Amino acid sequence: MWKGYLSIFGGFLTHLVTGGFYFWGNISMNVSSYYRFNGYPDIETKTVSAVFPAIYFGIAIGSQLGIHLARRFGHKLVSVANMLCYCASMYAATYSNFYFFVFFQGLLPGVFIGIEYLIPVDNALKFFPSKKGMVTGLILCGFGFTPLVFNPILQRLLNPDNILPVNGYYPEEVAENLMSSLRIVTTIYLGMGLIGAFLMQSIKQSDDHNDDTYNQKLIQNDAQVGVNSQFEILKTKEFWLSTFQVFCLTGFGFILISHYKEFGIVHIPDDQFFSLVGMIGGFTNGLSRFLWSYLLDFINYKYLVFFNIIMAMTLAATINLIADSKVLFMMWIIFTYLQYGGLYTLFPGICTKQFGTKFGPLAFNMAFNSIPFSNLTQFLLTLYLHDQFMNGRLFYLYVIINFLALVIQVYLLVTERSRKKLSSVNYTE
C-alpha cells in the first residue's frame, strides 16, 4: 500500500510543476513589457496572451499520447523523460524572440503538460481502483497549487519594489527581470519534477490480491455506458454532451484567470495585490480539485455539474459590479478558481464513472480537445472586443454560453429521472 501513497505524492509533485502555466494571468504584462524593450516596441498584452491558447492546443495534442505511452513504456520512464523535455522547453523560451517564446513557453510545454496530466492518475488507480475521486483529487490538486507555491517567489524576482505599470506596461527596470526569473523557477521545476516522476511505483502481478487491487478487474467493468473500444466512445450521446459542456464551462474561467490582472488593475492599482490574488486563487484551485472529486464519490455527478454551472453564471453576471472592491474582487477570483478548478476533476471522474476505469481516461482525453477551442474563443474575444472586455460587458456573453450548458444539464437530469421511473415501473410489473 505504501507504493500507492508514494505514487500519489509523486503525481502531486509532477502536477505542481506542470501547473506552472497558471502564472500566465500574473506575468502576461511582464512579457509584453519585456519584449517592448527587446525588439517589439509595439507589442500589446492582448497579443502576448496568444501564449495561453497555444498552451492548451499543446495540451490537447499531448493528452492523446500520455496514457498510451505510459501503458506501453512504463509510467515512471515516460514521466521522467517528459519532465526533462518540459523544463528544457521552458529554458529555451528564455533565450528566444517573441515568436519562439510562444512556441517554447506555449505550444511545446503544453504538449508535455498534456502527456503528463493523466499519467500519475492512471498509475495510482492501479493501487486504489475503488477510490477514483480521492486519487484523482489528491493528484490533480497539485496542478492548481502551483501559484500558491511559486507566485510569491516569482513576484519577488520580477518586481520586488512593487513598481506599478504605466499605461499597462512596466518600466525597463522591472521588465528586464523576466527571463532570469523564469530560469530560476524552471530550475526548481526540474528538481521537483524529477523527484515526483521517480516516486511513481509499479504494481506487480503478484500484488493482485492485496487490499483494494483485489477487485481491479471487476472495477474496470463498472461502466455506466458499455463500450469495448475507444472508437465506440465517440458513438455515445454522453460523450458529446460532456464535451460540449466542457467547452462552455471552461470559457469564463479562462478569460478571468488569464486576464484578471489586466482587467482588475484598472480598478485596483496595486501590483502586489494581484500577486496575492493569484496565490490565494491557486490555493483555491488546488483545493477545489480535491473537494469536487471527493464529493464525486458521494453525490451524483449530474447534480455537481448543475451546481458548477450556476456558480459560473452567477460569477460572470456580477464580476463587473464588484471590480472596485479589493475584498469582493478577491472573493470573486477565489470562487472562479473554485468553479473552474472543479471541472478538471469533475469531468475525468465523470468519464471514469460513465465508461469505467479502462476507458474513462481515454474518454476524457478526447473530451479535452474542446478545451483549447474554448481558450481560443476567449483569446479572440478579448483581442477583437478588448474594449468590451475592459469595461466588463464581455462577461455577460459567458452568462449566455453557460446557460447552454445548463440546458444540457437539465435535460440529463430529466432523462435520468424518467429512466429510473420507467425502470421502477417495469420492475413492479
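## Notes on side-chain contacts in this predicted model

1. Let me start with Thr250. Leaving aside residues up to four places away in sequence, Thr250 touches Tyr340, Leu343, Tyr344, Ile371 and Ser374. Please keep in mind that this is a predicted model. Thr250 belongs to helix α14, which covers residues 237–257, and its relative accessibility of 1% makes it buried. A polar atom of the Thr250 side chain also lies 2.8 Å from the backbone oxygen of Val246.

2. Next, the salt bridges. How many salt bridges does the count come to? The count is 3, and each of them is worth a look in your viewer.

3. One salt bridge joins Asp122 and Arg71, with the closest N and O atoms 2.8 Å apart. Asp122 sits in helix α8 (residues 119–124) and Arg71 in helix α5 (residues 66–73), so this pair ties together parts that are 51 residues apart in sequence. The two partners are not equally accessible: Asp122 is buried at 7% relative accessibility, whereas Arg71 is partly exposed at 41%.

4. Another salt bridge is formed by the side chains of Asp271 and Lys261, at 2.7 Å from N to O. Here helix α16 (residues 271–296) supplies Asp271 and helix α15 (residues 260–264) supplies Lys261, so the parts tied together are 10 residues apart in sequence. Are these partners buried or exposed? Asp271 is buried, with a relative accessibility of 1%, and Lys261 is buried too, at 2%.

5. Then there is Lys326, which forms a salt bridge with Asp270; their closest N and O atoms are 3.0 Å apart. This pair links distant parts of the chain, 56 residues apart: Lys326 is in helix α18 (residues 326–367), and Asp270 is in the loop between α15 and α16. Lys326 counts as partly exposed at 38% relative accessibility. Asp270 has a value of 18%, which counts as buried; the cut-off for buried is under 20%.

6. Now to the aromatic side chains. The model has 26 aromatic pairs by the rule used. One of them brings together Tyr35 and Phe101: the ring centres are 5.7 Å apart and the planes stand at 70 degrees, so the pair is edge-to-face. Tyr35 comes from helix α2 (residues 24–36) and Phe101 from helix α7 (residues 98–117), so the pair connects parts 66 residues apart in sequence. Both Tyr35 and Phe101 are buried.

7. Phe98 and Tyr99 make another edge-to-face pair, with 5.6 Å from centre to centre and 65 degrees between the planes. Which of the two is buried and which is exposed? Phe98 is buried, at 6% relative accessibility, while Tyr99 is exposed, at 60%.

8. These two pairs belong to a wider group. Tyr34, Tyr35, Tyr40, Phe98, Tyr99 and Phe101 form one aromatic cluster. So that you can picture the cluster, recall that Tyr35 and Phe101 meet edge-to-face, as do Phe98 and Tyr99.

9. Two arginines are placed over tyrosine rings. Arg36 lies over the face of Tyr169, 3.8 Å from the ring centre. In the other case, Arg183 has its charged end over the ring of Tyr95, at 4.2 Å from the centre of that ring.

10. Finally, a backbone point on two asparagines. Most residues other than glycine have a negative phi. What is the phi of Asn162? It is near 55 degrees, a positive value, and Asn167 likewise has a positive phi near 55 degrees. Asn162 is in the loop between α9 (132–158) and α10 (172–175), and Asn167 is also found in the loop between α9 and α10. As for accessibility, Asn162 is partly exposed at 23%, whereas Asn167 is exposed, with a relative accessible area of 75%.

Technical notes: Residues numbered from 1 in each chain as written. Predicted model: local features only at pLDDT ≥ 70, side-chain atom pairs only at ≥ 80, totals over all residues. Heavy atoms only, no water. Phe/Tyr/Trp six-rings, centres within 6.5 Å; stacked < 30°, edge-to-face > 60°. Helix = DSSP H or I, 4+ residues; strand = E, 2+ residues; numbered from the N terminus. Buried < 20%, exposed > 50% of the residue type's maximum accessible area, 1.4 Å probe, protein only. Lys NZ or Arg CZ within 6 Å of the ring centre and 35° of its normal. Salt bridge = Lys/Arg side-chain N within 4 Å of Asp/Glu carboxyl O. Polar contact = N/O pair within 3.5 Å; in protein donor to acceptor, adjacent residues only side chain to side chain. Contact = heavy atoms within 4.5 Å.
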